[in-house]
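User: I would like to go through the labels used for this model and the reasons behind them. Please set each value against its cut-off.

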Amino acid sequence: MYIPSVEDEAIRDLVRAREEVLRDLKAAKVRLKAFLLRQDIRYEGRASWGAAQLRWLAAVVCPTPAQQMVFQEYVRAVTEQTDRLQRLEAELATLVPSWRWHPVVEAIQALRGVQFTAAVTLIAE
């Protein structure tokens with residue numbers, strides 16, 4: 001029977017925190033999109049959540065001050081979750097190279113389509 005080390009558990013906790021933030025980010029984006037649809041404010045661009053849409057969001061003006069405040073809070077929620085996700089992913093990128101399972105993470109990334117976070121998640125769990 002394998003008992004994970006403290007370091008293994010720490011990486012696992014970091015991976016789980018990242019997954020939780022990712023879920024929160026997706027939910028925040030859904031709330032923002034739903035709000036915009038209720039106001040009949042539609043983004044006509046192609047790519048979602050890219051630089052063009054973020055510029056477009058910065059220029060959105062809602063019909064009333066109350067709606068503008070709600071809109072800004074939704075945008076802030078998306079921004080905060082994005083920042084949290086980036087911090088967690090940066091921490092993973094810093095810690096994983098010194099982790100004992102790093103060679104396995106690298107080997108799994110050799111498979112087509114398997115990126116760093118997916119490999120770390122697979123090994124950590």
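User: What makes R16 partly exposed?

Analyst: The model is a predicted one. R16 has a relative accessibility of 42%, and partly exposed covers the range between under 20% and over 50%, so R16 counts as partly exposed.

User: Which residue does the side chain of R16 meet, and why is the contact called a salt bridge?

Analyst: The side chains of R16 and E125 meet at 3.0 Å, N to O. The cut-off is 4 Å between a side-chain nitrogen of Lys or Arg and a carboxyl oxygen of Asp or Glu, so the pair of R16 and E125 is called a salt bridge. E125 is partly exposed, with a relative accessible area of 47%.

User: What makes R18 buried, and what is E89 by the same rule?

Analyst: Buried means under 20% relative accessible area. R18 has 9% relative accessibility, so R18 counts as buried. E89 has 26%, so E89 counts as partly exposed.

User: How do you know that R18 and E89 form a salt bridge?

Analyst: Their side chains meet at 2.9 Å, N to O, and the limit is 4 Å, so the pair qualifies as a salt bridge. R18 lies in helix α1 and E89 in helix α3, so this salt bridge ties together parts that are 71 residues apart in sequence. R18 and E89 also belong, with E19, to a network of salt bridges.

User: Which residue forms a salt bridge with R100?

Analyst: The side chains of R100 and D8 meet in a salt bridge at 2.6 Å, N to O. R100 lies in the loop between α3 and α4 (102-109) and D8 in helix α1, so the pair ties together parts that are 92 residues apart in sequence.

User: Are D8 and R100 buried or partly exposed, and how do you know?

Analyst: D8 has a relative accessible area of 4%, so D8 is buried. R100 has 44% relative accessibility, so R100 counts as partly exposed.

User: How many salt bridges are there by this rule?

Analyst: The count comes to seven.

User: How do you know that the span of helix α1 agrees with the expected one?

Analyst: Helix α1 runs over residues 6-38 and has 33 residues. At 1.5 Å a residue, helix α1 should span 48 Å, and its end C-alpha atoms are 48 Å apart, so the two values agree. Just after α1, D40 takes a positive phi of about 60 degrees.

User: What is the result for α3?

Analyst: Helix α3 has 31 residues, which should span 45 Å at 1.5 Å a residue. Its end C-alpha atoms are 45 Å apart, so α3 agrees with the expected span.

User: Which residues of α1 are buried, and what covers them?

Analyst: Among the buried residues of α1 are I11, L14, V15, V21, L25, L32 and L36. The cover of the buried residues of α1 includes α2 (51-59), α3 (65-95) and α5 (116-124).

User: Which residues of α3 are buried, and what covers them?

Analyst: Those buried in α3 include F71, V78, Q81, L85, L88 and L92. Their cover includes α1, α2 and α5.

User: Why is Q68 called buried?

Analyst: Q68 is found in helix α3. The limit for buried is under 20%, and Q68 has 17% relative accessibility, so Q68 counts as buried. Not counting residues up to four places away in sequence, Q68 touches V60, V61 and C62.

User: How many aromatic pairs does the structure hold, and what makes the pair of F35 and Y74 tilted?

Analyst: The structure holds two aromatic pairs. F35 and Y74 form one of them, with 5.6 Å centre to centre and 55 degrees between the planes. Centres must lie within 6.5 Å, and planes under 30 degrees apart count as stacked and over 60 as edge-to-face, so the pair of F35 and Y74 is tilted. F35 lies in helix α1 and Y74 in helix α3, so the pair ties together parts that are 39 residues apart in sequence.

User: Are F35 and Y74 buried or partly exposed, and why?

Analyst: F35 has a relative accessible area of 4%, so F35 is buried. Y74 has 22% relative accessibility, so Y74 counts as partly exposed.

User: Why is the pair of Y43 and W56 called tilted?

Analyst: The centres of Y43 and W56 are 5.2 Å apart, with 55 degrees between the planes. That angle is neither under 30 degrees nor over 60, so the pair is tilted. Y43 lies in the loop between α1 and α2, and W56 in helix α2, 13 residues apart.

How values were computed:
Residues are numbered from 1 along each chain as its sequence is written. This is a predicted model: local features need pLDDT of at least 70, side-chain atom pairs count only at pLDDT 80 or more; totals for chains, interfaces and linings use all residues. Side-chain values use heavy atoms; hydrogens and water are left out. Helices (H or I, at least four residues) and strands (E, at least two) are DSSP runs, numbered from the N terminus. The expected span of a helix is 1.5 Å times one less than its number of residues. Buried means under 20% relative accessible area, exposed over 50%, partly exposed in between (1.4 Å probe, protein chains only). Contact means heavy atoms within 4.5 Å. Rings of Phe, Tyr and Trp (its six-membered ring) pair if their centres lie within 6.5 Å; planes under 30 degrees apart count as stacked, over 60 as edge-to-face and the rest as tilted.
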